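Subject: Handing over a structure, with notes on what was found

Dear colleague,

I am passing this structure on to you, and I would be grateful if you could look through it before reading my notes. The sequence and the structure come first.

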Amino acid sequence: MGVDEVDVGLAGLDRPERPDATACASFEFWNQKMKRWINKSAKGIALIDKSGPYPKHKYVFNVADTSGRSSPPHLWELREEHHATIAESLSHTFGNTTDDEFYGIDYHVLQAVDDTAANKLQAYTHDLMAVSAGSMLAALSETNVAAAFSQLIRVSMGIATCSRCKIDVASLIGDDDLEKSALFYTKERM
């Protein structure tokens, strides 16, 4: 797992755990490829690794939790002078045929997030139904679970992406967008 190489469907679900995280990678990646070492007091961000026969936790560490002789990686940033070019590229890639002058970069970024989330939704909903016992999801049909999860994953990915792009997410996502997240907690988690 390289820098920012996390499952895009789970991006942002770690935001409450580490809202300041900017570039995350595995212990091995930081040590071997970047020649940077994880600080002793660092706490990893747990992600679900489904690359093997069984899901397991995989921990990644934020660049701020590393030190070493090599310089930290150069992180890209979304600059205002690139907004029009990026909006046009996103519009072309994801098929948004809107007037770029009227819709800003935030619209195009969120449309890309929505498209990506929709592509991941079916696999995640199936996995979610398998572990819904003990949560409020157990009382819902698969269609309703899919709808609630779709909203949650889009909001979560939207917050992570907009945050990384330094787009003000407060004006784009309302409190009601987060209400359904309570459905996904089990008694043990609360």
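What follows is a description of the main points, from the overall layout to single residues.

Please bear in mind from the start that this is a predicted model. The secondary structure of the chain amounts to four helices and five strands, and reading along the sequence one meets them in the pattern β-α-β-β-β-β-α-α-α. Of the 190 residues in the chain, 36% are buried. Among contacts between residues at least 6 apart in sequence, 63% join residues at least 24 apart.

Turning to the strands, there is an open sheet of three of them, in the order β1-β4-β3, and the pairing is antiparallel. The edges are taken by β1 (24-26) and β3 (45-49), each of which has a single partner strand, so one side of each is left without a neighbour in the sheet. From one strand to the next, the twist averages 50°. Strand β1 and strand β4 (residues 56-62) run antiparallel and are joined by three bridges; within this pairing, alanine 25 has phenylalanine 61 of β4 as its bridge partner. As general background, strands of a sheet pair through backbone hydrogen bonds, either parallel or antiparallel.

The nonpolar interior comes next. The largest nonpolar core has eleven residues, among them Val113, Ala117, Leu121, Tyr124, Val145, Phe149, Ile153 and Met157, and the elements that give two or more residues to this core are α3 (105-130) and α4. Alanine 117, one of the residues of this core, is in contact with Ile153, Arg154 and Met157 once its neighbours within four places in sequence are left aside. There is also a second, separate core of ten residues, which includes Leu78, Leu90, Ile105 and Ala112.

Helix α4 deserves a closer look, together with what lies around its end. The helix covers residues 142-164, and at 1.5 Å a residue its 23 residues should span 33 Å; the end C-alpha atoms are 32 Å apart, which agrees with that expectation. Just after α4, lysine 166 takes a positive phi of about 60°, although lysine 166 is not a glycine. For context, most residues other than glycine have a negative phi. Lysine 166 counts as exposed because its relative accessibility is 69%.

Two cysteines belong to this part of the account, cysteine 162 and cysteine 165, and I wondered why they do not form a bond with each other. The sulfur of cysteine 162 has the sulfur of cysteine 165 as its closest cysteine sulfur, but the two are 6.8 Å apart, which is too far for a bond, given that a disulfide requires the sulfur atoms to be within 2.5 Å. In keeping with this, a search of the whole structure finds zero disulfides. Cysteine 162 counts as buried, because its relative accessibility is 0%, and cysteine 165 is buried too, with a relative accessible area of 10%.

A positive phi is also found in lysine 35, where the angle is near 55° in a residue other than glycine. Lysine 35 lies in the loop between α1 (27-33) and β2 (37-38), and with a relative accessibility of 46% it counts as partly exposed. In helix α1 itself one finds asparagine 31, which counts as buried because its relative accessibility is 15%. Not counting residues up to four places away in sequence, asparagine 31 touches Arg36, Trp37 and Ile38.

The last residue I would point out is proline 73, which is found in the loop between β5 (66-67) and α2 (83-94). Leaving out residues up to four places away in sequence, proline 73 touches Trp30, Met34 and Val63. Proline 73 and methionine 34 are 39 residues apart along the chain, and their C-alpha atoms are separated by 8.0 Å.

With best wishes

Terms used. Residues numbered from 1 in each chain as written. Predicted model: local features only at pLDDT ≥ 70, side-chain atom pairs only at ≥ 80, totals over all residues. Heavy atoms only, no water. Contact = heavy atoms within 4.5 Å. Expected span 1.5 Å × (residues − 1). Buried < 20%, exposed > 50% of the residue type's maximum accessible area, 1.4 Å probe, protein only. Pairing = 2+ DSSP bridges. Axes fitted to C-alpha atoms, helices over the stretch in contact; angles between N-to-C directions. Core = buried A, V, L, I, M, F, W, Y, C linked by side-chain atoms within 4.5 Å.
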